[in-house]
Amino acid sequence: MTVAVGTRVGAVMGRLRRNRLSFLGVLIVMVLLAVVAFGPLVWRLDPIQTDLADRLAGPSLAHPLGTDVQGRDLLARVLHGGRVTILIALASVVVALVFGSGLGLVSGFVRGWFDTLVMRVVDVLLAFPPLLLALVIAAARGPGIFNTVLAVSIPAVPRFARLMRSQSIAIREREYVLAARAVGLHPARILFRHVLPNGIGPVTVQASIAAGIAILEVAGLGFLGLGVQPPAPELGSILVDSRTYLLQQPVAVLLPGVVISLSILGFNLLGDAFGDVFDVGSGS
Amino acid sequence: MRGLVRRRLLLLPVTLFGVTVITFLAIHLIPGDPAEIYAGGPLAPPEAVEAMRARLGLDQPLYVQYLSYLGRLIRGDLGTSLFTGKLVSTEILERLPASLELSVAALIVGVPIGAALGVLAATRRDRGTDHLARTLALTGLSLPSFWLALLLVWLFSVKLGWFPFGSRLPAFADVEARSGFVIVDSVLAGDFGLTLQALRHLFLPAITLAVIPIALTARYLRNAFAEELSAPYIRTARAFGLPERLIVWRFALKNAMLPLVTLLGVLLPALLAGAVLVEVVFSWPGLGTYLLLAIQSRDYAVVQAVTLFLAVAYVLASLVVDLSYGLLDPRVRESQ
């Protein structure tokens with residue numbers, strides 16, 4: 001058993017080493033998660049505390065990146081903002097993954113009217129450009145963290161559903177599923193013990209890509225004032241706060257954008273890495 | 001192919017029906033009482049709220065409300081803006097040209113650049129150029145458009161002063177609206193100075209938006225082209241000693257271009273929606289700023305109508321693409 005696991009890890013690492021870009025993706029995402037998880041614990045300044053005597057200050061020992069227009073420490077704001085943006089994005093992906101894959105898994109396995117119904121609903125949701133759907137849900141529900149998760153996760157559900165459904169359909173015809181049925185295993189057991197684990201590979205790729213899109217949407221909603229509300233830090237809302245002071249404090253616009261871009265890049269590359277590991281498609 | 005067409009055409013009404021149900025129900029997603037919101041908020045007198053409820057038909061059962069909504073849609077009535085009191089359909093048509101102008105400009109700039117990058121990468125596979133092109137495409141897909149817009153404005157408008165910023169035309173400039181497209185109208189009016197001005201206003205937002213088609217086209221074409229170049233018929237052609245130029249440009253590229261049709265059809269509507277953020281940064285008077293203004297002023301009739309309009313455009317565009325793809329590719333045409 002340990003030998004089998006050992007060789008498997010070795011093979012995965014081997015595949016990752018061969019593709020340097022995928023490796024870079026894994027690295028970016030790991031560093032990013034570490035920074036937003038532990039950064040605020042190390043750099044303990046309050047991201048909301050204003051100090052009007054120290055507005056738009058340049059870099060100093062007390063404020064390595066300077067301060068914003070209300071004298072708030074920029075490093076603390078970007079660290080906390082990154083944490084908020086990425087947490088909301090990842091939460092949205094988890095919600096979409098659970099609902100979407102769950103629907104797809106069941107509808108592909110049972111087929112019939114349930115499948116038809118789910119797929120028609122998925123078609124309708126896919127008729128809306130994702131960003132537009134997120135925008136409208138956020139507009140209807142109002143700003144806030146919970147509503148942002150809702151707005152970002154709903155547009156992502158259909159793709160998970162379609163993907164898992166096609167996996168489910170393919171796997172239900174395999175011999176081991178037939179065998180499991182022949183022995184009289186409960187369908188739920190077959191679904192969760194056999195179909196789900198064997199179909200999950202491509203879903204991880206989709207989840208990575210969805211995480212990149214979710215970060216973009218969370219920051220976009222924040223930028224438009226429809227996401228997380230000030231004074232709470234969020235990368236998109238820091239950007240829109242700082243755009244008026246671009247000339248006096250360029251770091252406040254540059255840094256949040258760099259963090260957003262890097263995280264999207266990281267998750268896109270991580271998707272490629274998952275693709276390598278599970279041998280999904282053939283990127284190159 | 002006939003089966004595919006029939007299936008797609010049969011599903012179209014189902015999808016459109018679903019889209020109208022969603023835009024209809026969206027109004028009920030709003031927390032609180034829509035009648036109260038429309039009547040002016042919690043301070044509105046109760047009789048005004050009731051009057052608004054009757055006017056909006058919200059006192060009717062849900063299916064009656066939906067049927068009358070559908071009836072109005074079929075007659076082309078998208079509702080009235082609470083804010084301006086004008087017909088939403090009129091306002092959409094007024095603003096559509098600005099959005100189309102921006103999206104088409106982004107496509108005209110983006111697709112050739114992306115295609116060139118993709119072809120370069122595929123013909124020099126796994127070499128420096130290939131890696132560079134793929135890195136560029138990946139970076140392009142990772143840049144948030146609103147951030148890129150801010151940076152471009154900072155560099156080219158504020159620092160260098162090369163391009164103006166905000167709106168489609170210089171202040172006080174006016175041109176008789178014949179098509180609604182400023183560029184076309186100014187050419188029709190024979191005012192080429194104004195055309196130049198309009199192009200300069202268009203430049204930065206179009207470049208910002210073009211990043212998406214550049215990156216997507218490059219990635220798409222690189223993969224399709226590289227795959228085509230390793231196909232057996234190419235090996236055969238090489239074995240026969242046909243000139244490489246002929247093989248690459250006449251055979252492989254022609255076949256690799258086909259999927260690009262799909263991409264184009266998906267890009268245009270995606271750009272129309274994706275332009276929202278770019279339009280906002282550049283104060284571009286298109287559908288995106290219209291939608292955002294409506295959201296901010298809680299003008300739900302407009303939000304509902306613009307969403308419906310964009311979704312229907314998206315559905316129809318993907319249908320046209322799927323069908324034209326079938327017409328262009330004999331393999332799809334003959335199958336089924």
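This is a short chat about how chains A and B meet in a predicted model.

User: What should I know before I start?
Analyst: It's a predicted model, where local features need pLDDT of at least 70, side-chain atom pairs count only at pLDDT 80 or more, and totals for chains, interfaces and linings use all residues. Residues are numbered from 1 along each chain as its sequence is written, while chains are lettered from A and ligands numbered from 1 in the order in which they are written.

User: How many residues does each chain put into the contact?
Analyst: Chain A gives 30 residues and chain B gives 36, with contact meaning C-beta atoms, placed from the backbone, within 7 Å.

User: And which elements of chain A give two or more residues?
Analyst: Helix 4 (112-126), helix 5 (130-141), helix 9 (187-223) and helix 11 of chain A. Helices here are DSSP runs (H or I, at least four residues), numbered from the N terminus.

User: At what angle do helix 11 of chain A and helix 6 of chain B pack?
Analyst: About 120 degrees, with their axes 8 Å apart; axes are lines fitted to C-alpha atoms over the stretch in contact, and angles run from 0 to 180 degrees between N-to-C directions. That makes helix 11 of chain A oblique to helix 6 of chain B, since angles under 35 degrees count as roughly parallel, over 145 as roughly antiparallel, 65 to 115 as roughly perpendicular and the rest as oblique.

User: Which residues meet there?
Analyst: A:Ser261, A:Ile264, A:Leu265 and A:Asn268 meet B:Leu138, B:Thr139, B:Leu141 and B:Ser142.

User: Switching topic, what ipTM does the complex get?
Analyst: The predictor gives an ipTM of 0.84, and a pTM of 0.87.

Notes. Contact = placed C-beta atoms within 7 Å.
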